[in-house]
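Q: I am a first-year student with a structure to read. Can you go through the terms used for its domains and its ligand, one at a time?

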Amino acid sequence: METRKWQRVKEYQEIIFERSGKIAKLTINRPERRNAFTPVTISELLEAFTLCRDDSSIGVIILTGAGDKAFSSGGDQGVRGNGGYVGPDKIARLNVLDLQRLIRIIPKPVIAMVRGWSVGGGNVLQLVCDLTIAADNAKFGQTGPKVGSFDAGYGSAYLARVIGHKRAKEVWFMNHWYTAKEAFEMNWINKVVPLADVETETLKWCDELLTKSPTALRFLKAAMNADTDGLAGLQQLGGDATMLFYTTDEGKEGRDAFNEKRKPDFDKFPKFP
Ligand code: S0N
């Protein structure tokens, strides 16, 4: 059992946001509903992920669910209205789609730590995380056609890229449950460990990632996502390159010359092969 000390970063209603050194842990905290998410859960996750993104001392983020029974069972069917899920503001929305995109573009590794059910929109959240470490009690699947919903974005098209078209169609059409071992064999997840070891193993992966070059990890994530995210993915990869270029003398020369009202001297910079 992992005994690392966690500090609360901010108090929320439906999630727990804590950190231990450079590792952030975001936990969906609705275990009585198998960690089904509402618009409030998602708004809170959007804020917490944004805080993690902006905090340069955080290097890796874990997304998980409270308790041993579920990572998440997807959208809370009890608050599903017409046109989306309804929060206290009475607006029906599918803000989980914004969260999926944020997890894709956040330039730090995001690890899904899965105990129990990873189902519906919860499974899609796990899918869009960069890596998944699962406990041996984890179960994976989609319920869409069973409950009158579907995710025609990352949930299906990206799943097909990850586990193959035949398997992805089986998952969405048949709505079977898959064990952690089966999910591993389908390349849906990265590793399966005994339930008691899942946090220790996840933290081991986090510690290892923290020894790596953050810029190299950032570009690798952006490059792999650019291949599947089209122009939006290219925008992220391109933005990362611009960020890096702004730190060079060549980039600074353009800025300084403009501000000093002189011609830039780009000739002094090497033209690498
Ligand atoms: C997860 C399952 C398999 C667990 O079964 P188990 O262990 O037997 O527990 P239960 O007794 O069934 O559950 C315990 C209590 O938790 C409640 N509960 C569980 N899941 C949900 C849920 N998703 N919403 C609301 N409540 C839930 C149970 O009702 C029970 O409560 P009590 O104790 O009061 O009886 C099993 O629970 C299960 O199959 N759950 C439903 C899974 C599901 O169908 N999820 C929704 C799938 N759809 C989405 O997630 C849509 C995602 C989305 O937002 C989206 C994204 C992109 C585009 C479109 C959409 C879209 O919504 O359409």
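Q: How do you know how far apart the centres of domain 1 and domain 2 are?
A: The centres, taken over C-alpha atoms, are 28 Å apart. The bounds, 7-210 for domain 1 and 214-260 for domain 2, come from an automatic or database domain assignment. This is a predicted model, in which local features need pLDDT of at least 70 and side-chain atom pairs pLDDT 80 or more, while totals for chains, interfaces and linings use all residues. Residues are numbered from 1 along each chain as its sequence is written, and side-chain values use heavy atoms, without hydrogens and water.

Q: What makes residues of domain 1 and domain 2 count as in contact?
A: Contact means heavy atoms within 4.5 Å. By that rule, 14 residues of domain 1 touch eight residues of domain 2.

Q: What is the area of about 910 Å² between the domains called, and why?
A: It is called buried area because it is the accessible area (1.4 Å probe) that two parts lose on being put together, summed over both. Carbon and sulfur atoms hold 44% of it. On the side of domain 1, R104, P107 and R161 lose the most, together 54% of what that side buries.

Q: Why is the pair between G121 and the ligand called a polar contact?
A: A polar contact is a pair of N or O atoms within 3.5 Å. A polar backbone atom of G121 is 2.7 Å from a ligand oxygen atom, so the pair meets the cut-off. For G75, the distance to an oxygen atom of the ligand is 2.8 Å, again from a polar backbone atom.

How values were computed: A polar contact is a pair of N or O atoms within 3.5 Å; within protein, one must be able to donate a hydrogen and the other to accept it, and residues adjacent in sequence count only if both atoms are side-chain atoms.
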